[in-house]
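Welcome to the tour! Open your viewer, switch to a cartoon view, and follow along one stop at a time.

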Amino acid sequence: MAHKTVWVKNGIIEKIADSIVLEGTEIIDGENKFLSPGLIDMHIHLWDKQELGLYLANGVTTIRNLWGYPMHLRIKKDINDENIIGPLFFTSSPKLTGKNDLGDDKVQISTPEEAKRLVIAYKKRGFNFIKTYAGLPENIENAIIEQSIVSNISIAAHPSREIPYLNQFHPQIASIEHAEEIVQQPLEYKLDSLKLETIIQKFVSTKKSFCPTLTSYYKIFEMLEQGENVLKSEPVHYINPLIQMVDSKAQYNRWANEKENNSAIKASIYKQHQFHLYIIKRMNEAGVNIICGTDSGIGITAPGYAIHQELELYKEAGLSNYEVLKTATINPSKTHKELAQIGTIENGKWANFIVTSKNPLEDLSVLNNPEWVMIKGRKINKKILNQFTENARDRNNLVVTAFRYAEYLLVEK
């Protein structure tokens, strides 16, 4: 639509018309500007409040955090109570996995009864979704699904490697994450386009959302290609300092060692990345509901910035600018009932906007630098967005982050 006026009342889009005249109402002049729905990143890992500002500065007005712990519930409350400025914030539970899938970042479950107890507890505590993970046995997953139906809470699934991939499409599972998991599990690392079609048709027939997180995998290629310089690149300055010290360097060292011992690894990773692009192309052609997610906040994948690389990769896969934008706007709104009121500019939706100087349907890169952003009717101007970015660069909150993670380890998960 062109030359329209949008009336926002109490954070909600009240009316869209050629002209609206209201007494005593602030008028924001948008002449020669372009109004778009705020972007939605459906797979992030949040470590601190500074990252909220990075998302806003990059036009991201809604985030889905997929590794929840107590800090996230406090941040969610602070945002909802308008004590802090941030994107609309939804968070999953901690990652639920089986007893043999070790690691302090996950909750190991031994029995179906324990699984049901945890689902009930997470819903009561205020987590929006349940997150299931890679080591989940089928009897535990079935218990989680059963209780999630009773508790009316949906599931975001990192596919379990303990269960056949095609068995993980229950209606209670709202989305399935990660393109690389398709290659690694059902395709057994064989870039088989014929077998892929069976998987795609399963997504179509079950109307399941798919969150590719292409950027996080492509970052492996960047580490192999750029060497240690990748840790000094500009976006890495905006990653939480504890993550830089622990995870960014660990991932770099892992792939540097792999490169030293396997000269073919860089070509192999790039070939699989190219197959990921093919997966997106075929899924889009088949009508799969692709939802943009970046896996940002871990490794060298920077909060806020990563969404623009993710969208560019979808374009590289063959999607039009319009189709690309849908993955980060209207498509996520079809995934969870909690997101139904965002993703488009229409009457009754939350007033979450990006204003740009050029048309993103012609040039996606304009989304990197919005003129201003609106969250639930609250305008955030360019000066404040720039301040958010400045505050997040090379921040000094390593110890605080460590204490928050320790809290996660010590409290009942």
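**Stop one: a pair of strands**

Select residues 353-356, which make up strand 13, and then strand 3: the two run antiparallel and are joined by 4 bridges. Keep in mind as you look around that this is a predicted model. Now click on Ser36 and look across to strand 13, where Ile354 stands opposite. What holds such neighbours together? Strands of a sheet pair through backbone hydrogen bonds.

**Stop two: the whole sheet**

Next, widen your selection. In which order do the 4 strands of the open sheet lie? The order is 3-13-14-15, with antiparallel pairing. At the edges you will find strand 3 (34-37) and strand 15 (378-380), each pairing on one side only. Turn the view a little to see the twist, which averages 25 degrees from one strand to the next.

**Stop three: a helix across the strands**

Now select residues 382-392. This is helix 13, and it lies across strand 14 (372-375) and strand 15. Relative to strand 15, helix 13 runs at about 65 degrees.

**Stop four: two cysteines**

Finally, show Cys211 and Cys292 as sticks. Are these two residues buried or exposed? Cys211 is buried, with a relative accessible area of 0%, and Cys292 is buried with a relative accessible area of 0% too.

A disulfide is a covalent bond between the sulfur atoms of two cysteines. How many disulfides does a search of the whole structure find? It finds 0. Why is Cys211 not bonded to Cys292? The closest cysteine sulfur to that of Cys211 is in Cys292, but because it is 7.1 Å away, it is too far for a bond.

Key: Residues numbered from 1 in each chain as written. Predicted model: local features only at pLDDT ≥ 70, side-chain atom pairs only at ≥ 80, totals over all residues. Heavy atoms only, no water. Pairing = 2+ DSSP bridges. Axes fitted to C-alpha atoms, helices over the stretch in contact; angles between N-to-C directions. Contact = heavy atoms within 4.5 Å. Disulfide = S-S within 2.5 Å. Buried < 20%, exposed > 50% of the residue type's maximum accessible area, 1.4 Å probe, protein only.
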